[in-house]
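Visitor: I would love a close look at the interior of this model. Please take me through it slowly, with the cut-offs behind your words.

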Amino acid sequence: MLIPPAPVITAAHLVTYLRGSLDLLPSELRLSSNDVVSGHPAPAEWCAKECVGHLIEVERHGFNGMIAGILKERDHLQPDWDPDAVHATRNDCAGSVEGLMTEFVRLREDSIAILSKLDHDDLHRSGTHRWRGPITVGGLLRPWLNHERMHFRQALATLDAVGSAIACDLAARGEPIPAEDH
Ligand code: NI
């Protein structure tokens, strides 16, 4: 079977997608109860707030930060960072939705501003990513989009799974189900 090549992702396409989740994620999390945003579908799985915390850190270190570094200096080498240690330190589970959303919106607006200003020459500048190796600015657009889609879906699926589990639990005990948990 012939698999068609993946279409080229432009910075404008990525901006459209990042703007979409910038609108949707804060409204989804703010509309959900604290039990739902802090709940885990399974013990080893993230709550929705942790999904957003992960999006923030990978954007900060791997995409926004990487592109900003490449634009600033030749042969930029991504500073080393430990995603697991950063994730543990953030402790998003215990944090407030508002604090998390403020951080997410601020970084996301900065990312959109950076992407919106990229010109043809910028897209061909390159640096070295710790895990991906030598990469151009243009080469980071597809991985960024893929990463965003993956964890955007994960955050929404997590809210659905936890919300349904809480509603089932309340129904089983004959208790009223709050509107936002339906
Ligand atoms: Ni990830």
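Guide: What follows starts from the whole chain, goes into the core, and then turns to the parts around it. This is a predicted model, so please keep its thresholds in mind: local features need pLDDT of at least 70, side-chain atom pairs count only at pLDDT 80 or more, and totals for chains, interfaces and linings use all residues. Residues are numbered from 1 along each chain as its sequence is written.

The chain holds seven helices and three strands, where helices (H or I, at least four residues) and strands (E, at least two) are DSSP runs numbered from the N terminus. Along the sequence they follow the pattern α-α-α-β-α-α-α-β-β-α. The C-alpha trace spans about 65 × 45 × 30 Å along its principal axes. Of the 182 residues, 28% are buried; a residue is buried if 20 or more other C-beta atoms, placed from the backbone, lie within 10 Å of its own, exposed if 12 or fewer, and partly exposed in between. Contacts here mean C-beta atoms, placed from the backbone, within 7 Å. Among contacts between residues at least 6 apart in sequence, 76% join residues at least 24 apart.

Now for the core itself. In soluble globular proteins, nonpolar side chains tend to be buried together. A nonpolar core is taken as a set of buried Ala, Val, Leu, Ile, Met, Phe, Trp, Tyr and Cys residues joined through C-beta atoms within 7 Å. The largest one in this chain has 31 residues, and Ala-48, Val-52, Leu-140 and Ala-155 have the most contacts inside it. At least two core residues come from each of H1 (11–31), H2 (34–37), H3 (48–72), H5 (97–116) and H7 (141–172). H3 gives the most, with 10 residues.

Ala-155 is a good place to stand and look around. Leaving out residues up to four places away in sequence, Ala-155 touches Leu-25, Ala-48, Cys-51 and Val-52. Ala-155 is also one of the buried residues of H7, a list that includes Trp-144, Glu-148, His-151, Phe-152 and Leu-159. The buried residues of H7 pack against H1, H2 and H3.

One such meeting can be seen from Leu-55, which lies in H3. Leu-55 counts as buried because it has 23 C-beta neighbours inside 10 Å. With the same sequence neighbours left out, Leu-55 touches Glu-148 and His-151.

H7 itself has 32 residues and reaches 46 Å from first C-alpha to last, close to the 46 Å expected at 1.5 Å a residue; the expected span is 1.5 Å times one less than the number of residues. After H7 comes Gly-174, with a positive phi near 70°.

H5 also contributes to the core. Its buried residues are Leu-100, Phe-104, Arg-108, Ser-111 and Leu-115. Seen down the axis of H5, these fall within an arc of 60°, so they line one face of the helix; the arc is that of the directions from the helix axis to the C-beta atoms. H1 and H3 are among the elements that cover them. The face of H5 turned away from this buried side carries the exposed residues Glu-98, Gly-99, Thr-102, Arg-106, Ala-113 and Ser-116.

H3 leads on to the sheet. H3 lies across E1 and E2 and runs at about 135° to E2; axes are lines fitted to C-alpha atoms, for helices over the stretch in contact, and angles run from 0 to 180 degrees between N-to-C directions. The sheet is open, with three strands in the order E1-E2-E3 and mixed pairing, where two strands pair if DSSP finds at least two bridges between them. E1 (76–77) and E3 (133–136) stand at the edges with a single partner strand each, so one side of each has no neighbour in the sheet. E2 (residues 126–129) pairs with E3 in the antiparallel sense over four bridges, and the two form a hairpin with three residues between them. Within E3, Gly-133 is the bridge partner of His-129 and Ile-135 that of Gly-127.

Finally, just before E1, the loop between H3 and E1 holds Asp-75. Asp-75 has a positive phi of about 55° although it is not a glycine. Asp-75 counts as exposed because it has 10 C-beta neighbours inside 10 Å.

Conventions
Contact = placed C-beta atoms within 7 Å.
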